[in-house]
Amino acid sequence: MPLATAPGGLPLLGHLPAMIARPLAFLDTLPGHGDPVRVRIGPRELYMVSAPESVRRVLTDRADFDRTGPLYAKIRTFLGNGLATCPHADHQRLRRIVQPAFQRALLPRYAEAMTAEAAALTARWRPGQTVDVTREAFTLTTAVAVRTLFSAGLGAEVAERLRRTLDILLRGLYLRVVLPAADLLPTPARREYRRALRGWHAQVAAIIADYRAHGVDHGDVLSLLLAARDEHGRPLSERELADQVATLVLAGAETTSSALAWSLRLVAEHPSVERKLHAEVDAGPAGAPARFDDLGQLPYAARVVNEALRLYPPAWAISRTTTRPLELGGARLPAGAQVVCCLYLLQRRPDLFPDPTRFDPDRALPHDAYLPFGLGATRCPGDRFGTVEATLALATVAGRWRLRPAVAGAVRPVPRLVLSPGPQPMRLAERVSGRAG
């Protein structure tokens, strides 16, 4: 079967301009041209897949598809050889060490931080105020990530510095993945990115050194990682520890903030969904900050988050490299080919999700095509952590506030490593909540 190439490529640049200026609109054009379909990014070729059988094979066949190649090399400059970026040869050992930090028994403890930070954020809001919901969600989830990772000895100033640094890195990394030459241009943005990268590594190293010096178990994720041992009794090295911390901060902050920000926007745009959500919250937490024990009373809020994750999966494109020549979807691929599983397209397939662009929290989500956290051995171990946090935050906001877009028009997604909405100013209106409200 001949391999199709996406139309519209330019000489030398290929599809790079589209991937920078309007990546989602470009991706929406691909399914009609084949699966896989070849995309050119300058001199590089990517092979996009969104058919469920191909996506499942790429994400679960660890012998034929590995996390290597130039895309992962770029990402590792920020995250190092963490659980989300390491080759398969390192993954089993690292996952065995990290997984205990996300056991379900610890979720109630983590949820205390989620509730406290959501309550603090919404308490700062005022009726009639306009806030950037995307930024507010990122501030919230970064605070939760920092608090659950480093529960002791991290002051507000240090936490805010970490948040600002992370924001700069996330904005700059997507550009470097699709445009490697960005690091060769002597621009202010390049200098800012490099300062942020140096600052990030220094901040993480300082936090770890302080924990080691005090030798106290704080009951948080970093304490668990410091105490963890692999099957041979070996602890994580200093570099491995820093890499895991970087990965967990990114996963805890960026992916969850995306889910929450999209959920808030979608609720505001769909009055019937908003009414159902408010009715559920009023019958449950009733204006109080939502807690872990309230989750059983918040099934609709959870479905809102799940549907937002379907439409805008944080891990919108997952890359793998072929380890040998092989056939995928009827097409022959060479060894070393960069295959990109586009979960954004997979979760909008009309044959799997009728009326796929419609926001419907009550729709059925087929288990073999709904993969917002990946699949198989490399599935995100913090998936439950993220969905619980987004659900509690959404219910806490809905208990006290109505949000309305301050600017007309659709929100433009901003593909970074995570598919985040761009700035979205929204006006706050306080609402009376409660069983009698």
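Reader: Why are α11 and α13 called roughly perpendicular to each other?

Author: Happy to explain! Helix α11 (residues 238–269) and helix α13 (residues 299–311) pack at an angle of about 105 degrees, and 65 to 115 degrees counts as roughly perpendicular, so α11 and α13 get that label. From α11, the contact (heavy atoms within 4.5 Å) involves Ala 259, Trp 262, Ser 263, Leu 266 and Val 267, and from α13 it involves Val 304, Val 305, Ala 308, Leu 309 and Leu 311.

Please keep in mind that this is a predicted model, where local features need pLDDT of at least 70, side-chain atom pairs count only at pLDDT 80 or more, and totals for chains, interfaces and linings use all residues. Residues are numbered from 1 along each chain as its sequence is written, and side-chain values use heavy atoms, leaving out hydrogens and water.

Reader: How do you know whether Leu 343 is buried or exposed?

Author: Its relative accessible area is 0%, so Leu 343 is buried (buried means under 20%, exposed over 50%, partly exposed in between, with a 1.4 Å probe and protein chains only). Leu 343 sits in helix α14 (residues 343–346). Not counting residues up to four places away in sequence, Leu 343 touches Val 55, Pro 313, Ala 315, Trp 316, Ile 318 and Leu 371.

Reader: And what makes Leu 13 partly exposed?

Author: Leu 13 has a relative accessible area of 39%, so it falls in the partly exposed class. You will find Leu 13 in the loop between β1 (4–5) and α1 (16–21).

Notes. Helix = DSSP H or I, 4+ residues; strand = E, 2+ residues; numbered from the N terminus. Axes fitted to C-alpha atoms, helices over the stretch in contact; angles between N-to-C directions. Parallel < 35°, antiparallel > 145°, perpendicular 65-115°, else oblique.
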